Amino acid sequence: MRVRRPMVGIATLQVNANANIEGTITAVSEVRQVNSMRGPSQVADATLQDSTGTITLTLWGGDATKYKAGQKIKVVDGWVKDYKGKLQVSLGRSGRIEVVA
């Protein structure tokens, strides 16, 4: 049985930790092609904002073109890492994104 972690504010996220956050996408970068350890893939960066702050949400593969600015989403079981001195969140192995109605 999976334990559901509560939603937290973006400002409270810490590096190398799981994240359950809810916010609004305020911008999405152009999709770019990259060669990852798993082969070629598409990637885009979305800016996710809540009342406590903003963070970059890295969108891989099909997710790179799936989300648009203005959408409210939940990131469930995401993974926070430090990239060039800034925190960013991605889905990792078990994470998912849910659109909030």
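**Questions on an all-strand chain**

The chain contains zero helices and seven strands. The model is predicted: local features need pLDDT of at least 70, side-chain atom pairs count only at pLDDT 80 or more, and totals for chains, interfaces and linings use all residues. Residues are numbered from 1 along each chain as its sequence is written, and side-chain values use heavy atoms, without hydrogens and water.

Q: What makes a run of residues a strand or a helix here, and in what order do the elements of the chain run?
A: Both are DSSP runs numbered from the N terminus, a strand being E over at least two residues and a helix H or I over at least four. From the N terminus, the order is β-β-β-β-β-β-β.

Q: Why is the chain called as compact as a globular protein of its length?
A: The globule rule is 2.2 Å times the number of residues to the power 0.38, and the radius of gyration is taken over C-alpha atoms. For 101 residues the rule gives 13 Å and the chain has a radius of gyration of 13 Å, so the chain is as compact as a globular protein of that length.

Q: Why does S90 count as buried?
A: Buried means under 20% relative accessible area (exposed is over 50%, partly exposed in between; 1.4 Å probe, protein chains only). S90 has 11% relative accessibility and therefore counts as buried. In the chain, buried residues make up 33% of the 101 residues.

Q: Where is S90 found, and which residues does S90 touch?
A: S90 lies in strand β6, residues 86–90. Leaving out residues up to four places away in sequence, S90 touches T58, G78 and W79, where contact means heavy atoms within 4.5 Å.
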